[in-house]
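User: Hi! I would like a close look at one part of this protein, with enough of the surroundings to place it.

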Amino acid sequence: MAIKLENVGIAVRDIEEAIAFFTDLGLTVLGRDTVSGEWAETAVGLDGNHAKIAVLQTPDGQGQLEFFEYIHPQAIETEPTRPNEIGMHRVAFSVDDIDEALAIAARHGCYPLRGVATYEDVYKLTYLRGPSGILVMLAQSLQKD
């Protein structure tokens with residue numbers, strides 16, 4: 001059996017805020033829609049499922065994020081995920097310039113959880129909390145190609 005990762009889906013509080021943050025980092029919007037009806041209820045397993053959705057793609061064309069802003073049922077707010085919790089953990093991106101990426105994130109009010117670390121002379125990396133509490137890892141390779 002062949003299998004291929006299509007995207008990572010993330011429920012967000014404000015889809016416009018999520019789109020603005022991730023497009024500023026370099027992703028592009030592939031499509032937007034509002035979904036509802038029996039097929040959406042069956043696929044997701046929520047009665048009355050009605051959501052705004054947007055699919056964004058990384059510049060290399062290999063990765064996609066799908067954001068959902070629930071209209072019905074009402075979204076459930078929980079505490080933001082911590083790095084050591086079981087379950088969905090984070091979204092990670094390689095960037096050419098971590099300082100530039102952090103400047104973009106800062107314009108959206110998003111800052112590293114603690115700072116930028118250097119892993120052995122291989123990567124500079126950090127975790128930050130993006131829109132709707134999404135944990136985002138940014139990593140810049142220090143290896144010369």
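How many bridges join strand β6 to strand β7, and do they run parallel or antiparallel? Please carry on from there to whatever β7 and its partners lead to.

Analyst: Happy to walk through it with you; do keep in mind that this is a predicted model. Strand β6 (residues 117-119) and strand β7 (residues 123-129) are joined by three bridges, and the two run antiparallel. To find the pairing on screen, start at Ala117, which has Leu125 of β7 opposite it. Between β6 and β7 lie three residues, and the two strands form a hairpin. In that turn, look at the backbone of Glu120: phi is positive there, at about 50°.

From here we can follow β7 onward. β7 also pairs with β8, again in the antiparallel sense, and seven bridges hold that pairing. One place to check the register is Tyr123, whose bridge partner in β8 is Ser141. β7 and β8 make a hairpin too, with five residues between them. The turn of this hairpin contains Ser132, with a positive phi of about 60°.

β8 (residues 135-141) then takes us to β5: the two strands run parallel, and four bridges join them. Here Ser94 stands opposite Ala139 of β8. Turning to the faces of β5, Val91 and Phe93 lie on the covered one, while Ala92 and Ser94 lie on the uncovered one.

Just beyond β5 comes a loop that deserves a stop. Asp96 sits in this loop, between β5 (91-94) and α3 (98-107). Asp96 has a relative accessible area of 77%, and as anything over 50% counts as exposed, Asp96 is therefore exposed. Together with Asp97, Asp99 and Glu100, Asp96 forms a negative surface patch.

Finally, a step back to see where all this belongs. The protein has three helices and eight strands, and along the sequence they follow the pattern β-α-β-α-β-β-β-α-β-β-β. Of its 145 residues, 30% count as buried. The C-alpha trace spans about 50 × 35 × 30 Å along its principal axes.

To put the part you asked about in one picture: β6 pairs with β7, β7 pairs with β8, and β8 is joined to β5, with the loop that holds Asp96 lying between β5 and α3.

How values were computed. Residues numbered from 1 in each chain as written. Predicted model: local features only at pLDDT ≥ 70, side-chain atom pairs only at ≥ 80, totals over all residues. Heavy atoms only, no water. Patch = residues over 30% accessible without salt bridge, like charges linked within 9 Å, V, L, I, M, F, W, Y side chains within 5 Å. Areas by Shrake-Rupley, 256 points an atom, 1.4 Å probe, with all protein chains shown as cover. Salt bridge = Lys/Arg side-chain N within 4 Å of Asp/Glu carboxyl O. Lys, Arg positive; Asp, Glu negative; His and termini not counted. Charge placed at Lys NZ, Arg CZ, Asp CG, Glu CD. Buried < 20%, exposed > 50% of the residue type's maximum accessible area, 1.4 Å probe, protein only. Pairing = 2+ DSSP bridges.
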